[in-house]
Amino acid sequence: MMTLPQAPVPSLTAGKQVPDAGFLPLETLRVRSDFLKAARARHTALPGFVLQWRDRDDSDGPIRVGFTCSKKVGNAVARNRAKRRLREVARLILPQHGRAGTDYVLIGRAGHTATRPFPLLLNDLRAALERIQ
């Protein structure tokens, strides 16, 4: 049986260390009430997305993250692309820079989230987390 050669994967973070995709200490927000609580809390607008965050009472709890894109972002294909990019940004940045016991919601922006260069999205989230902490 012949095995196919593996193609090298280019680094999207230009020399930055990327965590393994195995275990992630992130939980996903799935309940509407959690999104509404985050919407009533603090937020900051960035070029690539809007970040909402809410400190929960359990400071030892996990980092929870949610993603949303309205129809203003585009059709279903554009919204799904934007959410995939936001999920990857959160996977790479939040385990190191996020705070335990905090809910984060990343909201896609029309015309920016799906087309903004990926390293700039990473820098946006890093800058936002440094600003709020």
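**Exercise 1. Work out whether D58 and its salt-bridge partner R56 are buried, partly exposed or exposed in this predicted model.**

Start with D58: its relative accessibility is 36%. Buried means under 20% and exposed means over 50%, with partly exposed in between. So D58 counts as partly exposed.

Now take R56, which has a relative accessible area of 13%. That value makes R56 buried.

Next, look at how the two side chains meet: D58 and R56 form a salt bridge, at 3.2 Å from N to O. The pair isn't on its own, either. Salt bridges with shared partners join D34, R54, R56, D58, R64 and D103 into one network.

**Exercise 2. Find the salt-bridge partners of D55 described here, and say which parts of the chain they link.**

Step one is the pair D55 and R42, whose side chains meet in a salt bridge of 2.9 Å, N to O. D55 sits in strand β3 (residues 49-55) and R42 in strand β2 (residues 42-45), and the two residues are 13 apart. This pair links distant parts of the chain.

Step two is the pair D55 and R99, with a salt bridge of 3.7 Å, N to O. Here strand β3 holds D55, while R99 lies in the loop between α2 and β5 (102-108), so the bridge ties together parts that are 44 residues apart in sequence.

Step three is exposure. D55 has a relative accessible area of 36%, so it's partly exposed. R42 comes out at 42%, so R42 is partly exposed too. R99, at 30%, also counts as partly exposed.

How many salt bridges does a search of the whole structure find? The search turns up nine.

**Exercise 3. Describe how helices α2 and α3 cross, and list what makes the contact.**

First, find the helices: α2 covers residues 76-97 and α3 covers residues 118-132. Their axes come within 10 Å of each other and cross at roughly 40 degrees.

Second, name the arrangement. An angle under 35 degrees would count as roughly parallel, and 65 to 115 as roughly perpendicular. The α2 and α3 pair is therefore oblique. As for handedness, the crossing of α2 and α3 is right-handed.

Third, list the residues in the contact:

- From α2: R85, E88, V89, A90, L92, I93, L94 and H97.
- From α3: F118, L121, L122, L125, R126 and L129.

Finally, sort them by type. The contact of α2 with α3 has 10 nonpolar residues, one polar and three charged.

**Exercise 4. Place K37 in the structure and give its C-alpha distance to Q52.**

Begin with the element: K37 belongs to helix α1 (residues 32-40). Its relative accessibility is 35%, so K37 counts as partly exposed. Then compare positions: K37 and Q52 are 15 residues apart along the chain, and their C-alpha atoms are separated by 9.8 Å.

**Exercise 5. Sketch the whole protein, from its elements to its contacts.**

Count the elements to begin: there are three helices and five strands. Reading from the N terminus, they run β-α-β-β-β-α-β-α.

Then check burial: of the protein's 133 residues, 40% count as buried.

Last, look at contacts between residues with a separation of 6 or more. Residues 24 or more positions apart account for 80% of those contacts.

Definitions and conventions:
Residues numbered from 1 in each chain as written. Predicted model: local features only at pLDDT ≥ 70, side-chain atom pairs only at ≥ 80, totals over all residues. Heavy atoms only, no water. Axes fitted to C-alpha atoms, helices over the stretch in contact; angles between N-to-C directions. Helix = DSSP H or I, 4+ residues; strand = E, 2+ residues; numbered from the N terminus. Parallel < 35°, antiparallel > 145°, perpendicular 65-115°, else oblique. Left-handed = near helix turned anticlockwise from the far one by under 90°. Contact = heavy atoms within 4.5 Å. Nonpolar A, V, L, I, M, F, W, Y, C, P; charged D, E, K, R; others polar. Salt bridge = Lys/Arg side-chain N within 4 Å of Asp/Glu carboxyl O. Buried < 20%, exposed > 50% of the residue type's maximum accessible area, 1.4 Å probe, protein only.
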